[in-house]
Amino acid sequence: MALPDGSNAALAEALGREAGADNEPAAPGDVSHCGQKKTQNNLCFRVAERIIKPLPGVEPCRFAPACATRPPVAAFSPPAHRNEIPCRLTAESRKGRHLSSRFITYKKGGEQMVEMKSRWVMWAVLATAAVGCLCSCASMDNLMGGKAGKTPMDIDVEGFGRTADGEQVRLYTLTNTSGLKAQIMTYGAIVTSLEVPDKHGEMDDVVLGYDNLPAYIENSPYFGAVVGRYGNRIGKGKFTLDGVTYTLATNNNENHLHGGLKGFDKVVWDDEPVWRPDAVGVRLSYLSKDGEEGYPGNLKATVTYLLTNNDELRIEYEATTDKATPVNLTHHGYFNLTGGERDILGHELMLNAAEFTPVDEGLIPTGELRPVEGTPMDFTRPATIGARIENDYEQLRFGGGYDHNWVLTRQGREMSQAATVYEPTTGRVMKVYTTEPGVQFYAGNFLDGTITGKEGKVYQHRYGFCLETQHFPDSPNKPSFPTTILRPGQTYETTTVYRFATK
Ligand code: BGC
């Protein structure tokens, strides 16, 4: 884990003794004693208790993590990986306040892994203390929860069924200190639910999706998924790169859409939990092989979903390749800030974009950047999605409503605001920030009431909207658009944040 600059010495000092001091008697004032516990599965687990030495200006904390097994639940039996054990961590503050947080760990090849995890969490706690905890272990409270009205940060994991090939799919539940919850599964890197409060503090799930894995596998219009290798369309499924013409799988009439027949939304990703001082998350990785869906190069992609204590769903994308290839990864969440009570036409949208990329009938950009001013595409000032969606405007006819890429007004490559959405009946606000140059605003025009989603809700026409931060569609065939080509030795890195609030 990366520690804040200059904090290592303070942390080492604060640790006093390393976790390896198991079974040694505890020294007064610098207590670190640990035991071994045989569980019912006859596996050894570390049980640690320590008093962390105070950092200057920081109250001492009593931190007592105990990593104990629970019997393997159905999903882990037989385990997806041999030796995989779900674990629970508990902690309490010096004042006896019970702070509890769960996490999972993988027991691969013995006890060390579990110990490392315990130690890892300890480092996270100490890093938190070093950077921000000035009194009463406030930051530790942040990490572990426990403040009045606060929930512990939490990562939980459970089985979510298997694919037809027998691959185990896991579902992560992330909880932040305000009680927001995000559920993410390893199939398709799909956000299956996202619970955020309304202006009265009532939690609701604000994304569309299904209750179970088979429904996602059978028929999903990319609900909540990461799409790739190339999110959005590539005209006629062809492009030429360094003199070679590549032919991709076509799955949207004659065009290639969202990575082809089996894109990143239809594969099982490797997973590991992520603890940061101010966020919990899951890091998902996938190796897309050379030739997959017609793309050149082995592409190693990782997507880290983080639920932060600023009430953000933060998505960090990374990729490397061994041959030049186009890459355009995005998140295809369908949002409905009413919690799925009605369609999204009453949501107010602001897009930080003065231009958009007009398309032909097949929704392939013409290459033009057209000013939004004076058109129904102008969301530079907030307007409801429904106000002009049925206007007689050729671009809206082509898309059956809004289904276009907006050119974000931005300076440099830093994160900047792309969109704000406000839902007046619930007071929910979602702000979108990104390092990307564009955003596809799709108003759920192809939802037509034939899908029954979570809790038996029928997803009628325009029941969800997507804000897919991205490079522009068909960039591999449009030299004037910002490039999407990743070359060996380069690292693809983009970040998008969906921040929730109420007003
Ligand atoms: C596209 C739509 C497409 C939808 C698939 C969106 O990203 O822009 O045209 O129908 O994904 O659900």
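This is a chat between a learner and a teacher about reading a predicted model of a protein chain with a ligand.

Colleague: Okay, I've got the model open. How many helices and strands does the protein chain have?

Modeller: Start by counting elements. This is a predicted model, and its protein chain has five helices and 37 strands.

Colleague: And what share of the residues is buried?

Modeller: Of the 503 residues, 56% count as buried. For the outside, look at the accessible surface: about 20200 Å², with 50% of that belonging to carbon and sulfur atoms.

Colleague: What about contacts between residues far apart in sequence? How do I read those?

Modeller: Take contacts with a separation of 6 or more: in this chain, 64% of them link residues 24 or more positions apart. For a single pair, try Arg-162 and Val-268, which are 106 residues apart in sequence and have C-alpha atoms 9.7 Å apart in space.

Colleague: Let's go inside, then. Which residues have the most contacts within the largest nonpolar core?

Modeller: The general idea is that nonpolar side chains in soluble globular proteins tend to be buried together. Here the largest nonpolar core has 66 residues, and those with the most contacts inside it are Trp-269, Tyr-305, Tyr-402, Trp-406, Met-430, Phe-441 and Leu-467. Strand S21 gives the most to this core, with five residues. There's also a second, separate core of 21 residues, including Phe-160 and Tyr-334.

Colleague: Can we zoom in on one of those? What does Phe-441 touch?

Modeller: Setting aside residues up to four places away in sequence, Phe-441 touches a list that includes Leu-349, Phe-379, Ile-385, Tyr-402, Trp-406 and Leu-467.

Colleague: Now threonine. Why does Thr-434 count as buried?

Modeller: Buried means under 20% relative accessible area. Thr-434 counts as buried because its value is 0%. This residue sits in strand S31, residues 428-434. Its side chain reaches the backbone oxygen of Thr-495 at 3.4 Å. Beyond its sequence neighbours, Thr-434 also touches Leu-408, Met-415 and Thr-469, among others.

Colleague: And Thr-308, is that one buried or exposed?

Modeller: Buried, because its relative accessibility is 5%. Thr-308 belongs to strand S21, residues 299-308. Leaving aside neighbours within four places in sequence, Thr-308 is in contact with Asn-176, Asp-278, Ala-279 and Arg-314.

Colleague: What if a residue is neither buried nor exposed?

Modeller: Then we call it partly exposed, and Arg-162 is one case, because its relative accessible area is 40%. Arg-162 lies in strand S9, residues 154-162. A polar atom of its side chain is 2.9 Å from the backbone oxygen of Gly-166, and a polar contact of 3.4 Å joins its side chain to that of Gln-168.

Colleague: Last stop, the ligand. Which residues surround it?

Modeller: Read a ligand site in two steps: first the shell, then the polar pairs. The shell consists of Pro-221, Tyr-222, Arg-233, His-258, His-332, Tyr-334, Leu-363, Asp-403, Gln-440, Tyr-442, Phe-446 and Glu-468. By class, that's six nonpolar, three polar and three charged residues.

Colleague: And the polar pairs?

Modeller: Polar side-chain atoms lie 2.8 Å from a ligand oxygen for His-332 and 2.7 Å for Glu-468. For Asp-403, a side-chain N or O atom is 2.4 Å from an oxygen atom of the ligand. On its own the ligand has 310 Å² of accessible area, and the protein covers 94% of it.

Conventions
Residues are numbered from 1 along each chain as its sequence is written. This is a predicted model: local features need pLDDT of at least 70, side-chain atom pairs count only at pLDDT 80 or more; totals for chains, interfaces and linings use all residues. Side-chain values use heavy atoms; hydrogens and water are left out. Helices (H or I, at least four residues) and strands (E, at least two) are DSSP runs, numbered from the N terminus. Buried means under 20% relative accessible area, exposed over 50%, partly exposed in between (1.4 Å probe, protein chains only). Contact means heavy atoms within 4.5 Å. Accessible areas come from the Shrake-Rupley method with a 1.4 Å probe; for residues, only the protein chains shown count as cover. A polar contact is a pair of N or O atoms within 3.5 Å; within protein, one must be able to donate a hydrogen and the other to accept it, and residues adjacent in sequence count only if both atoms are side-chain atoms. A residue is near a molecule or strand if one of its heavy atoms lies within 4 Å of it. Ala, Val, Leu, Ile, Met, Phe, Trp, Tyr, Cys and Pro count as nonpolar, Asp, Glu, Lys and Arg as charged, and the others, Gly among them, as polar. A nonpolar core is a set of buried Ala, Val, Leu, Ile, Met, Phe, Trp, Tyr and Cys residues joined through side-chain atoms within 4.5 Å.
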